[in-house]
Amino acid sequence: MSEQTMEDILNALYDLIQDARNAPLSADKCVVERDKVLDMLDEVMSKLPAELKQSRTIVDSRNDLIAQARREAEGILRSAREEAAQLVTQEEIYKQTKAKCQEMAMQTQLRMAQLRKASNDYMDDALRRTEEAIENSLSEVRDTRMKFKALAENQEKKASVNVDDDQT
């Protein structure tokens, strides 16, 4: 069975209701397979948590990337400090080492800023796409619900008019 999108499921649900047989002695009520409709609604509900889980995975990936960059930067700084400490005995070597350490620290800070920006941009884009997908899905569910509610209200009105006509 192929993977259906939420839109496919909602369209199938709409078609199921649209194509359903009329209830006996009623033009505005229909008969649908309860289990089939409930299964379709369950499938829609199951897709929403998957999209939320994807967002959490993206956030975790971003946090892992930042933690890795921080560990890498700390390792570089630690190495630079250790190297500088070993060369303290000679003044010229000490000055060179200190300058190198500062350069490495600046490069590390620059690298961390680049990684942070890249991960933030990636995260923002991924969350934006996820938000759009969720908004589209929610909009589809709301539209279908409004259509269904309008159809049900229309059927109820017709049924009450038929009852009123039968009583007079």
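A cavity here is a set of grid points where a 1.4 Å probe fits but cannot get out. With that in mind, we can take a friendly walk through this predicted model, from its enclosed spaces to its overall outline and then to a few single residues.

**Enclosed spaces**

Two cavities of 30 Å³ or more are present in the structure. About 60 Å³ of space lies in the largest cavity. Its walls are made by I66, A69, R70, M112, L115 and R116. Both helix 2 and helix 3 contribute at least two residues each to that lining. Sorted by class, the lining of the largest cavity has four nonpolar residues, two charged ones and no polar ones.

The second largest cavity holds about 30 Å³ of space. If you want to find it in the viewer, look for A80, E83, T97, K100, C101 and M104, which line it. Here too, helix 2 and helix 3 each supply at least two lining residues, and helix 3 gives the largest share, with four residues. The lining of this second largest cavity divides into three nonpolar, one polar and two charged residues.

**The open pocket**

Besides the cavities, there are pockets to consider. The largest pocket contains about 410 Å³ of space. It is lined by 18 residues, and those closest to its centre are L13, I17, V37, L41 and F148. Three elements give two or more residues to this lining: helix 1 (6–18), helix 2 (34–86) and helix 3 (91–167). Helix 3 provides the largest share, seven residues. In terms of chemistry, the lining of the largest pocket has 14 nonpolar residues, two polar and two charged.

The table puts the three spaces side by side.

| Space | Volume | Lining by class |
|---|---|---|
| Largest pocket | about 410 Å³ | 14 nonpolar, two polar, two charged |
| Largest cavity | about 60 Å³ | four nonpolar, no polar, two charged |
| Second largest cavity | about 30 Å³ | three nonpolar, one polar, two charged |

**The overall outline**

Stepping back, the protein is built from three helices and two strands. Following the sequence, these elements come in the order α-β-β-α-α. The C-alpha atoms fill a box of roughly 110 × 30 × 20 Å along the principal axes. The radius of gyration is 32 Å, whereas a compact globule of 168 residues would have one near 15 Å.

Of the 168 residues, 21% count as buried. The protein exposes about 12,900 Å², and carbon and sulfur atoms supply 52% of that area. Contacts across the chain are also worth a look: among those between residues at least 6 apart in sequence, 70% join residues at least 24 apart.

**Three residues to click on**

Start with S137, which has its place in helix 3. S137 counts as buried because its relative accessibility is 7%, and the cut-off for buried is under 20%. Computed along the sequence, S137 and M6 are 131 residues apart, yet their C-alpha atoms are 6.7 Å apart in space.

Next comes S61, a residue of helix 2. With 38% relative accessibility, S61 counts as partly exposed. Its C-alpha atom is separated by 40 Å from that of Y94, and these two residues are 33 apart along the chain.

Finally, P24 sits in the loop between strand 1 (21–22) and strand 2 (30–31). Since exposed means over 50% relative accessible area, P24 belongs in that class because its value is 71%. The C-alpha atoms of P24 and Q155 are separated by 13 Å, with their positions 131 residues apart along the chain.

**Pulling it together**

The model places helix 2 and helix 3 at both cavities, each helix supplying at least two lining residues to the largest cavity and at least two to the second largest cavity. Those two helices, along with helix 1, also give two or more residues to the lining of the largest pocket. For a quick tour on screen, L13 and F148 are among the residues closest to the centre of the largest pocket, M112 is one of the residues lining the largest cavity, and M104 is one of those lining the second largest cavity.

Notes. Residues are numbered from 1 along each chain as its sequence is written. This is a predicted model: local features need pLDDT of at least 70, side-chain atom pairs count only at pLDDT 80 or more; totals for chains, interfaces and linings use all residues. Side-chain values use heavy atoms; hydrogens and water are left out. On a 1 Å grid over the protein atoms alone, a cavity is a set of points where a 1.4 Å probe fits but cannot get out, and a pocket is an open set with protein on both sides within 12 Å along at least five of seven lines; lining residues have an atom within 4 Å of a point. Grid points are joined across faces, edges and corners, and a volume is the space filled by probe spheres set on the points. Ala, Val, Leu, Ile, Met, Phe, Trp, Tyr, Cys and Pro count as nonpolar, Asp, Glu, Lys and Arg as charged, and the others, Gly among them, as polar. The radius of gyration is taken over C-alpha atoms; the globule rule is 2.2 Å times the number of residues to the power 0.38. Buried means under 20% relative accessible area, exposed over 50%, partly exposed in between (1.4 Å probe, protein chains only). Contact means heavy atoms within 4.5 Å. Accessible areas come from the Shrake-Rupley method with a 1.4 Å probe; for residues, only the protein chains shown count as cover.
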